[in-house]
Amino acid sequence: MDEQAREQALLTALTTEHFVLQTSRSATIAESVGRATVYLSFLSAALIGLGFVASNGQLIKPYLGAVLPTLVISGLLTFLRLVQNMVENSTDLRRIQHIRAYYHRQFAGEHDFFADAVASGDVARATWAAVGARPGRWHLLLTAAAMVGAVTALLLGLGAALLTGLLGASSGLAIALGVVVALVAFAAEVVYIDRASIWQHGRAPSTA
């Protein structure tokens with residue numbers, strides 16, 4: 001195969017890969033939105049149910065005992081899957097930026113097409129720039145995974161506070177313990193997201 005044929009074959013392969021990666025990103029984001037929506041709808045339904053039983057002291061404790069663990073488990077499973085989707089989406093975006101950088105170097109010439117992919121000289125930074133962000137851990141708090149993690153952490157704190165109250169502790173102690181549990185749980189989730197987002201050659205953006 002001569003050089004021209006090789007270049008043409010590579011361009012065809014890269015164009016196809018670019019399309020596949022963008023399709024994968026769309027599917028990943030759609031799944032993330034769908035999972036988050038299902039979980040929050042489940043939570044909303046549970047709160048509506050709580051409103052119906054709140055006036056009945058005999059029903060509210062069994063209701064919370066059944067619903068809270070279910071919400072927490074569902075939240076944790078949703079959180080873990082959203083982190084996986086975040087990593088997959090970041091991987092796809094990083095690969096797309098590699099392909100766009102190749103387009104710019106090989107074909108753009110004096111034009112500025114795809115220039116953002118090579119402007120910083122670092123594909124990782126260009127990947128962040130593609131989603132309007134700068135490298136930094138605080139951007140992890142803007143992800144769908146962090147949102148679901150925060151809600152789940154609050155539910156864990158609520159469960160700890162209720163359980164402490166049932167064991168006879170004062171309301172102040174129960175609330176304090178619930179706050180501590182919620183904060184520790186959320187901090188652990190953020191650390192998990194951070195570790196999942198670390199790349200061998202830098203840090204990719206979390207956009208799902």
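## A greasy patch and a chain of charges

Ile73, Leu77, Leu80 and Tyr192 together make a nonpolar patch of about 390 Å² on the surface. Keep in mind as you look around that this is a predicted model. Helix 2, which covers residues 57–108, supplies the largest share of that patch, with 3 residues.

Let's take two of the patch members in turn. Leu77 sits in helix 2, and its relative accessible area is 56%. Anything over 50% counts as exposed, so Leu77 gets that label. Leu80 is also found in helix 2, but at 37% relative accessibility it counts as partly exposed. Leu80 has a partner worth finding on your screen, too: its C-alpha is 9.7 Å from the C-alpha of Val148, although 68 residues separate Leu80 and Val148 in sequence.

Now for helix 2 itself. How many residues does helix 2 have? It has 52, and from first C-alpha to last it reaches 71 Å, close to the 76 Å expected at 1.5 Å a residue. Both ends have something to look at. At the N-terminal end, Asn56 acts as a cap, with a side-chain oxygen 3.0 Å from the backbone nitrogen of Gln58. Just after the helix, Gly109 takes a positive phi of about 60°.

Helix 2 also takes part in the charged side of the story. Side chains of opposite charge can pair when their charged atoms come close. A search of the whole structure turns up 2 salt bridges, and here they are:

| Salt bridge | Closest N and O atoms |
|---|---|
| Arg35 with Glu31 | 2.8 Å |
| Arg81 with Glu31 | 2.9 Å |

Glu31 appears in each row, and Glu31, Arg35 and Arg81 are linked in a network of salt bridges. What does the pairing of Arg81 with Glu31 tie together? Arg81 lies in helix 2 and Glu31 in helix 1, so this pair joins parts that are 50 residues apart in sequence.

The pairing of Arg35 with Glu31 is a more local affair, within helix 1 (residues 3–53): the two are 4 residues apart, which means about one helical turn separates them. An α-helix has 3.6 residues a turn, so residues three or four places apart point the same way.

Are these charged residues hidden away? Partly exposed covers the range between 20% and 50%. Arg35 is partly exposed at 36% relative accessible area, Glu31 is partly exposed at 25%, and Arg81 is partly exposed at 24%.

For a contrast, move on to helix 4, which spans residues 144–166 and holds Thr164. Is Thr164 buried or exposed? Its relative accessibility is 12%, and because the cut-off for buried is under 20%, Thr164 counts as buried. The side chain of Thr164 reaches the backbone oxygen of Ala160 at 2.7 Å. Leaving aside residues up to four places away in sequence, Thr164 touches Ala169, Ala174 and Leu177.

To retrace the tour, start at the nonpolar patch with Leu77 and Leu80, follow helix 2 from the cap at Asn56 to Gly109 just after it, then pick out the network of Glu31, Arg35 and Arg81. Finish at Thr164, buried in helix 4.

Definitions and conventions: Residues are numbered from 1 along each chain as its sequence is written. This is a predicted model: local features need pLDDT of at least 70, side-chain atom pairs count only at pLDDT 80 or more; totals for chains, interfaces and linings use all residues. Side-chain values use heavy atoms; hydrogens and water are left out. Patches are made of residues with over 30% relative accessible area and no salt bridge: like charges are joined within 9 Å, nonpolar side chains (Val, Leu, Ile, Met, Phe, Trp, Tyr) within 5 Å. Accessible areas come from the Shrake-Rupley method with a 1.4 Å probe; for residues, only the protein chains shown count as cover. A salt bridge is a side-chain nitrogen of Lys or Arg within 4 Å of a carboxyl oxygen of Asp or Glu. Buried means under 20% relative accessible area, exposed over 50%, partly exposed in between (1.4 Å probe, protein chains only). The expected span of a helix is 1.5 Å times one less than its number of residues. A polar contact is a pair of N or O atoms within 3.5 Å; within protein, one must be able to donate a hydrogen and the other to accept it, and residues adjacent in sequence count only if both atoms are side-chain atoms. Contact means heavy atoms within 4.5 Å.
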